[in-house]
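Me: I would like to learn how to read the sheets in a protein model. Could you take me through it step by step?

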Amino acid sequence: MSQYPGQYAQGPPGGYGQPNPGMPPISMHNGQPLPGGGQFGGLMKPVVQNGPPAGPPGGFAGPQGDILGASRPGGPMPFPNRGPVPQGQMGAPRPMNPNLGPAPGTNQMTSQMGNMSISGPPRPPGPGQMGGIPIRGPGPGMMSPMGGSSSVSGPPSSMGAPPASMIGSPLMGGTQSSMGGPPSSMGGPPSSIGGPGNFRPPGNVGAPPGNFGTPPGSMAGPPSSMGGPTIGFGASPSSMGGPTTGFGAPPSTMGGPPSSLGGPQGSFSSPSSGYSHPGVSQGPPGAFTPPVLGQGFAPPSTMASGIRPPMAGPPMMGGPPGQMGMDRQTPTSLAGQPPNMSASMGGYGPPQPGQHTPGFQPVSSQGFQPMPPHAPVAGYPGAPPQQYNQPGYSAGMSGPTTGMQPGMQSSLQPPAQKKLDPDQMPSPIQVIEDDKRNRSGVFSSGGKGQVPPLVTTQFITQDQGNCNPVFMRSTMYNVPCTSDMLKNSHIPFSLSVSPFAKLQPEENPPPIVNLGELGPVRCKRCKAYMNPNMMFIDGGRRFQCVFCGAATDVPDQYFAHLDHTGRRIDSYDRPELCLGSYEFVATKDYCKNGTLPNAPAFIFMIDVSYNAVKCGLVNLICERLKKDILVNLPRETGAEESEIHVGFVTYSKEIHFYNVKGTLAQPQMLVVSDLADVFVPLLDGFLVKLSESEAVIDSLLSQIPQMFVDSRETEVVLGPVIQAGLDALKSADRSGKLYIFHTSLPIGEAPGKLANRDDRKLLGTDKEKTILSPQCKFYSQLGTDCVAVGCSVDIFFFPNSYCDVATISDICRLTSGNLYKYSYFQADLDGDRFMEDLKNNVQSQRAFDAIVRIRTSQGIRPVDFLGNFYMSNTTDVEMCAIDSNQALAVEIKHDDKLSEQDGAYIQVATLFTSVSGQRRLRVHNQALNCCSQLADLFRNCELDTLVNYMSKLAIRNILNKSPRETREHIMNEVAQILACYRKNCASPSSAGQLILPECMKLLPLYGNCVIKNDGIQGGQEISTDDRSYLMHLINSMDVKSSCAFFYPRLIPLHTLEPTGTDMPTALRCSAERLQDNGVYLLENGVSMFMWIGHKVDPDWIQKMFGVQSAAQIDIDKFRLLELENDVSHRVRQVVQMVRAQRNRYMKLTIVRQRDELERWFNHFLVEDKSQNGSSSYVDFLCHIHKEIRTLLS
């Protein structure tokens, strides 16, 4: 042993290129003990398991927007992941064939669609095939595949327009359904629908979804109470016997049952398709029955014409809740006008007071009628309760919602029938909690193709040759050997790369390697950098590149002998030979013009127009910039002070520069009024170190508010301001950032002047890309100019009206800058949020003037890049600044065959200027396995990364394709992936079973969440600027952020243990989980709400808010009070933990049950049906199952 005195690990090296199982812990670096026992190749600092994720004090949430239209339920959401199947949840895993079986415990769901019912137990897996436990439902006969069924005589009623998969093509083209009306338009459905052979797409695809068109054919979503296993399908719960009229908007009144009902709830017209109602099924206890999509239902357009739709008995989906006897407890104001929402709400917000709501026209006839969310969801969150108190009702549902709602007659209850239980659907919460239980602790990165724990799991990475998963995650860790196999799977081979991601406190940052004048050692052919997978040959005199196979001579000063295993004897002394992540100090050859760079600079540019002064912004910035921001400038580890230089500019219709040189007694102002040809009036004294000019800077910040207190300037400029900052950095020969605090549309006469082109009616239509794309090329061109200098632009918007985020944000996109938006900003209410966001932004800056290059081994190559950056060629990603939260997505494709023996290798190299001005290279390495069987691929996928890539691809498609095509693409990919698994990996079974791979069982849920998200499908219920803001946000999200954003976290607060310290387990995002006597926190990384039920214990309210009842809480100016009791302390602790985990500071918004804001809160309950017609989880799952069956047939 003594012959291996490595500093990064001790003990003999293992086989070359393999994980090193015998690598004992070490605590030495360059001969010195590392603090905390950390080392390379061994265990790190003490491990904290299952604790809350570490992070900066106070998370950060995005600004709220000026939503001018009506809000809708169902919205942004995150994605959890795969995980073991819980007992009683989709069945337990079945043993699989060791030769080929799938991921353990595939989920099989019987989705009775089309003409389908299932009886009898599933067949066992065949030889070499993967088995799963099917969940069976009642109903006679076996389900025949789509297209082979003779009894299908109409489209599923829940679909509005028929899905394209029923037109005969195996692809999901043509009319795309979103389980409740044509998703492309929410307009009218097809005029005539016969059988599967003669479906026609709707003629008005692309019409704006403003009025929600005609109603989808039937009621939507899962009922709140799930029937017992032995009850078969009866009749439909929603009575649709009579003609319906006047769909299009919420009614202005909410009294009495709708006149369109043909009879009391419970009266049904008979089926015309000849489909008989299944009788009582003898299914086993615990089996669940997915809904049978109705056969022979007339399309919604015929319903609106007064034709009685034939009912086939099974539960129906889609359609406005207004058609069933509605609970009348909702405030009348919900029906006719937008709610009077708080303008200062966090995140992007709901409609503001008194503003027209394009998506909801006040009409007195039948429309949807929003319901209080305590009512179970049967389509829209808050739709009328469908309670059929049956045996087998899930105990997990909220107590108060299980009974009948006030105003409903028991005589109107339809006959008891079997309903689809959402609790039987794959649960993201279950997957997340199982992964936390099984995989928290230490994750060792040695070995090829190890799938890391989920992003929601707290774990410590031990670097043993592959990089930490926070730096790089892949959609697959077992890569198909051929391009055909990858193409057949329909799973994109994609990476999410975040080169400077934040590490856990117990993890060591990548060590810095300084080889002096020699510089980084690299391959002579492909220029890949030295890494643990390089093979040394000829006694150590040459090394063979793992990426291209070329042999390169080892420089004399880098030479070392090999041991008996062929490994260098200094392997554990050099980070680049034993670690997955490390940094090289670059030589002059890696610098622009062959000269070493200067330290970066930050320029703060403050709008001092009338709006900025009036809302308190100028005062707030000047008061807190020094004590909260400048003292937190980023600095190297161990450095006493930051090397970053700072400068200050104010502007409205002219630009003011300030000389703050340390030798001056007072700062000097220099004014530039010629905006057509901007120049920097001074060099010396404009950019200074804080420590050298502290007194002058203090004086300047105290004088600025007084100088502009009487500002009456309402026209502002922006283009020349950015040009001035760019020129200042260029003149000083520094890279850096511009922090611009801006309040309104730049309409001043100057370059970059913009016109107001806002037209929300276009959102959701084929023409929406005209207002979501830049209106001119000025800011795009300015962005490319900034990239050449290494100048990143961060813009903080404080608008009271439209400010064309779509155009201005392009400069942030190209320069890898951040965008923040605080609509209707008031310094006293929103000041803390803004300052926390600014502080986090400044502290998280890691790299400047960076170039990212991704190299892959032979047989694969990167072909596409998604994110906020600039590319001047096909290989180099140029990022003016990189912080710890930014990520880019990379798609990789085959250009040759791979071999299972060799595997696949990826190296991400980032050339950058550090915060101290040192030019460096950060290198991350990843080794993946290769496979020739699809089963191995499906066993080693990562769903969260796939959803991150899918969302970024959707953002690009929005600007190039119609909304319908964007949605159809996602639906098609989801169906194709699952159909491939069913066809190639699952055991033979009835076509009625929906079989899901274990690590992809949440794919339908997350796919639906992406489709419904405001950034991707946001219609007229959010503003144009908010839509553009969210698109920019999604485009740079890392996997952890997108996971939370697309599937929000719903945390119960009323059941918190006063003495607890851990984060409570979240609930599924559905209104069915909300109890009238409960309090819940909902957050998605951008917005945060506290929902308070109307029956909450007054004592809890008193302890938390210091008032007698929830009605007394001032929700407009709410702040969490620091009261001295257990309840207050514990709730504040949870809120702080949530904020610490997020990149943006989320303002807490109070939502009382039945308040006007509640409808916006429901918008984020993503498992429910949305008011804009997007599907519930159950509906979407059923639709995907039908698509899979069509593809397979």
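**Reading two sheets**

Reply: Let's start with one pair: Trp1091 has Val1151 in β33 as its bridge partner. This is a predicted model, where local features need pLDDT of at least 70, side-chain atom pairs count only at pLDDT 80 or more, and totals for chains, interfaces and linings use all residues. Residues are numbered from 1 along each chain as its sequence is written, and side-chain values use heavy atoms, without hydrogens or water.

Me: How many bridges join β32 to β33?

Reply: In general, strands of a sheet pair through backbone hydrogen bonds, either parallel or antiparallel. Here, five bridges join β32 (residues 1088–1092) to β33, and the two run parallel. Strands are DSSP runs (E, at least two residues; helices are H or I, at least four), numbered from the N terminus, and two strands pair if DSSP finds at least two bridges between them.

Me: In what order do the strands of that open sheet come?

Reply: The order is β30-β31-β32-β33, with mixed pairing. At the edges are β30 (1049–1052) and β33 (1148–1152), each pairing on one side only. The twist averages 20° from one strand to the next, with axes being lines fitted to C-alpha atoms (for helices over the stretch in contact) and angles running from 0 to 180 degrees between N-to-C directions.

Me: Which strands stand at the edges of the antiparallel sheet, β7-β9-β26-β24?

Reply: They are β7 (472–474) and β24 (860–866); each has a single partner strand, so one side of each lacks a neighbour in the sheet. β7 pairs with β9 (residues 494–497) over three bridges, and Arg473 has Ser496 in β9 as its bridge partner.
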